[in-house]
Amino acid sequence: MEKAHFFQFSQTHPPFDMSNSILILNCNIVDENLILQNDCFVIIKNGKIDQIGCMDDLPARDTSTTIDGRNKLLIPGLINGHNHSAMTLFRGMADDLELNEWLHNHIFPAEAHHVSEDMVYWCSKLAAAEMLLSGTTCVADGYFFSDHTARSFEEAGLRATVAHGILDFPTPAVPDPSKNVDVVDEFIQRWKNKTDIITPAVFAHSPYTCSPQTLQKAKQLADKHDVRFFIHLAESKHEQSMIIDPTGSSPVKHLKNLNILDHNCVCVHTIWLDDEEL
Ligand SMILES: [Zn+2]
């Protein structure tokens, strides 16, 4: 086990043609019972796992690409449940700060200056490359100019749910916040059922950047298209004092009162909860 490590798909490997077959030899796999099985082979045909077995039972080889998996661990692709991929541009810019200070004094001003269609496309592509190289094959992303995130991921071959951001203040992608939900509606219509690997979604940024009316409109949009609704919720201890809620309830109760918490709602971070909310 100590010698096992992830496959590194580097330039020493030829590009894989998924329409053909791939044979991985001598690899270690984790089976469906989470038991490590040594010295296995895996055959992939047309982009799907076709056969797994012990090296002793290896069938006659007719595969177009062969990889030696010796001393490596072969696992299913990892899933990144929440990301803002294009923010690779801002990596290391302002670390170890309280959320509110980080957002308002550093990130939102930087985004106002630097976020563009090109920035989103290329910085998402960098993130896609980093994810694929470390074994992540699927991501839930939320940002702006999401057509360009989606295009970037599709070209990279990274499976993704791409959620377009909604806030109640002007952003480079949506300068007029009164159109914040309409822009996302059009994005979803462009990408729904367009490809096998990209699924559009809604990302209402938070209860402290979206009014109750915006949150409800955004949720109705997600329900109308039957796509996921993502939201940052109860991220920080002080969020209760920041949320746009005339009744002054907790972030979770605020969303419950707005009828947003259902099977289609994905709450992100969500760490400051009491027992009842849990
Ligand atoms: Zn986030």
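**Exercise 1. Find which residue of β9 is the bridge partner of Ala160, then trace how the chain gets from β8 to β9.**

Let's start with the pair itself: in this predicted model, Ala160 has Ile198 as its bridge partner in β9. Next, follow the chain: leaving β8, it passes through helix α4 (residues 180-191) before reaching β9. That β-α-β crossover is right-handed. Now zoom out to the whole pairing: β8 (residues 159-166) and β9 run parallel, joined by seven bridges.

**Exercise 2. Work out what β9 pairs with in β10, and which helix sits in the unit they make.**

Begin with Phe203, whose bridge partner in β10 is Phe230. Then look at the strands: three bridges join β9 to β10 (residues 229-233), and the two run parallel. Finally, add the helix: α5 (residues 212-225) completes a right-handed β-α-β unit with β9 and β10.

**Exercise 3. Sort the residues of β9 by the way they point, and decide whether they are buried or exposed.**

First, a handy rule: side chains in a regular strand alternate between the two faces of the sheet. Now sort them: Ile198, Pro200, Val202 and Ala204 point one way, while Thr199, Ala201 and Phe203 point the other way. For burial, the cut-off is 20 or more other C-beta atoms within 10 Å of a residue's own. Both sets turn out to be buried. So β9 (residues 198-204), with seven of its seven residues buried, is largely enclosed by the rest of the structure.

**Exercise 4. Say how the protein is divided into domains, and how far apart their C-alpha centres lie.**

Step one: domain 1 covers 22-74 and domain 2 covers 78-269. Step two: their C-alpha centres are 37 Å apart.

Key: Residues are numbered from 1 along each chain as its sequence is written. This is a predicted model: local features need pLDDT of at least 70, side-chain atom pairs count only at pLDDT 80 or more; totals for chains, interfaces and linings use all residues. Domain bounds come from an automatic or database domain assignment. A residue is buried if 20 or more other C-beta atoms lie within 10 Å of its own, exposed if 12 or fewer, and partly exposed in between; C-beta atoms are placed from the backbone. Helices (H or I, at least four residues) and strands (E, at least two) are DSSP runs, numbered from the N terminus. Two strands pair if DSSP finds at least two bridges between them. A crossover is right-handed if, with the strands pointing away from the viewer, the path from the first strand over the helix to the second runs clockwise.
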